[in-house]
Structures are given as C-alpha cells and as structure tokens.
Amino acid sequence: FACCSKNIHWPLLQEFVPKFILEVLGGAGAIWGFSEACGLRRPSTVWFWRPMSLSIGFLFLLRFVHQIAKAYQERNSSATEEDNHP
C-alpha cells in the first residue's frame, strides 16, 4: 500500500465526490427535470423519459470513471517518481 502512505486517496475523494454529484447525478437529473419543465414528461411519457435520463446518467458515469482512473494513475505515478528520487 505504498500509495496510501502518500495519502493520494483523500484529495481524489475531495475532487471527485462533488464531480460525481454534479456531473453524473446532475446530468441524469437535468434530463429528467428539463423534460418536465418543457411539458414533455407526463404520466403517459414517463416510460420514455426515465430510461432516457438513466442512459444519460450512465454515459456521464462512464466519463466519470475514466476521469477518476486517469487522475489516480497520474497521481500514483507522480508519487512513485517522488519515491525513486532521494
């Protein structure tokens, strides 16, 4: 657990928990709310808008996972480089 000694997890959590809430949940919620605000979502069309908002949320989730994996890799490699240079 070399990465834990450098405590790179806490900054990642601080950065990516708000991103998850705003970008992933917000993306799905924006589609859901926009469809209602425009009058497109009614009881007869919920069957369409629920999967639509979940699909958008899933796409943003994939983007989020890619971003956090990239950030973790970058921070882990920089922590490893610091360990190799006395």
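**Notes on a three-helix chain, starting at R41**

1. Let's start with one arginine. Leaving aside its neighbours within four places in sequence, R41 touches W32, S35, E36, V46 and W49. You'll find R41 in the loop between α2 and α3. Keep in mind as you look around that this is a predicted model.

2. Is R41 buried or exposed? R41 has a relative accessible area of 16%, and the cut-off for buried is under 20%, so R41 counts as buried. One of its contacts deserves a closer look: the side chains of R41 and E36 are joined by a polar contact of 2.4 Å. That pair also counts as a salt bridge, 2.4 Å from N to O. E36 itself is partly exposed, at 48% relative accessibility.

3. Now step back to the whole chain. The protein chain has 3 helices and 0 strands, and reading along the sequence gives you the pattern α-α-α. Two of these helices come up again and again below: α2, which covers residues 9-37, and α3, which covers 46-84.

4. What about the contacts across the chain? Counting contacts with a separation of 6 or more, 72% are between residues 24 or more positions apart. As for burial, 20% of the 86 residues count as buried. The accessible surface of the protein chain is about 6300 Å², and carbon and sulfur atoms account for 68% of that.

5. Which residues make up the largest nonpolar core? There are 5 in all: L12, F16, V24, F64 and A71. Both α2 and α3 supply at least two residues of this core, with α2 giving the most, at 3 residues.

6. F16 is a handy place to look at that core up close. Setting aside residues up to four places away in sequence, F16 is in contact with F64, Q67, I68 and A71. Two of those names, F64 and A71, you've just met as members of the largest nonpolar core.

7. How many salt bridges does the structure hold? There are 3, and the R41 and E36 pair from above is one of them. Another is formed by the side chains of R75 and E15, at 2.5 Å from N to O. R75 sits in helix α3 and E15 in helix α2, so this pair ties together parts that are 60 residues apart in sequence. Both ends are partly exposed: R75 has 27% relative accessibility, and E15 has 29%.

8. The side chains of R63 and E23 also meet in a salt bridge, this one at 2.9 Å from N to O. Here too the pair links distant parts of the chain, with R63 in helix α3 and E23 in helix α2, 40 residues apart. R63 is partly exposed, with a relative accessible area of 40%, and E23 is partly exposed at 24%.

9. Finally, take a look at the outside. W10, L13, V17, I21, L22 and L25 form a nonpolar patch on the surface. Together they have about 630 Å² of accessible area. Take L13 as an example: L13 lies in helix α2 and has a relative accessible area of 46%. A patch residue needs over 30%, so L13 clears that cut-off while still counting as partly exposed.

How values were computed
Residues numbered from 1 in each chain as written. Predicted model: local features only at pLDDT ≥ 70, side-chain atom pairs only at ≥ 80, totals over all residues. Heavy atoms only, no water. Patch = residues over 30% accessible without salt bridge, like charges linked within 9 Å, V, L, I, M, F, W, Y side chains within 5 Å. Areas by Shrake-Rupley, 256 points an atom, 1.4 Å probe, with all protein chains shown as cover. Salt bridge = Lys/Arg side-chain N within 4 Å of Asp/Glu carboxyl O. Helix = DSSP H or I, 4+ residues; strand = E, 2+ residues; numbered from the N terminus. Buried < 20%, exposed > 50% of the residue type's maximum accessible area, 1.4 Å probe, protein only. Contact = heavy atoms within 4.5 Å. Core = buried A, V, L, I, M, F, W, Y, C linked by side-chain atoms within 4.5 Å. Polar contact = N/O pair within 3.5 Å; in protein donor to acceptor, adjacent residues only side chain to side chain.
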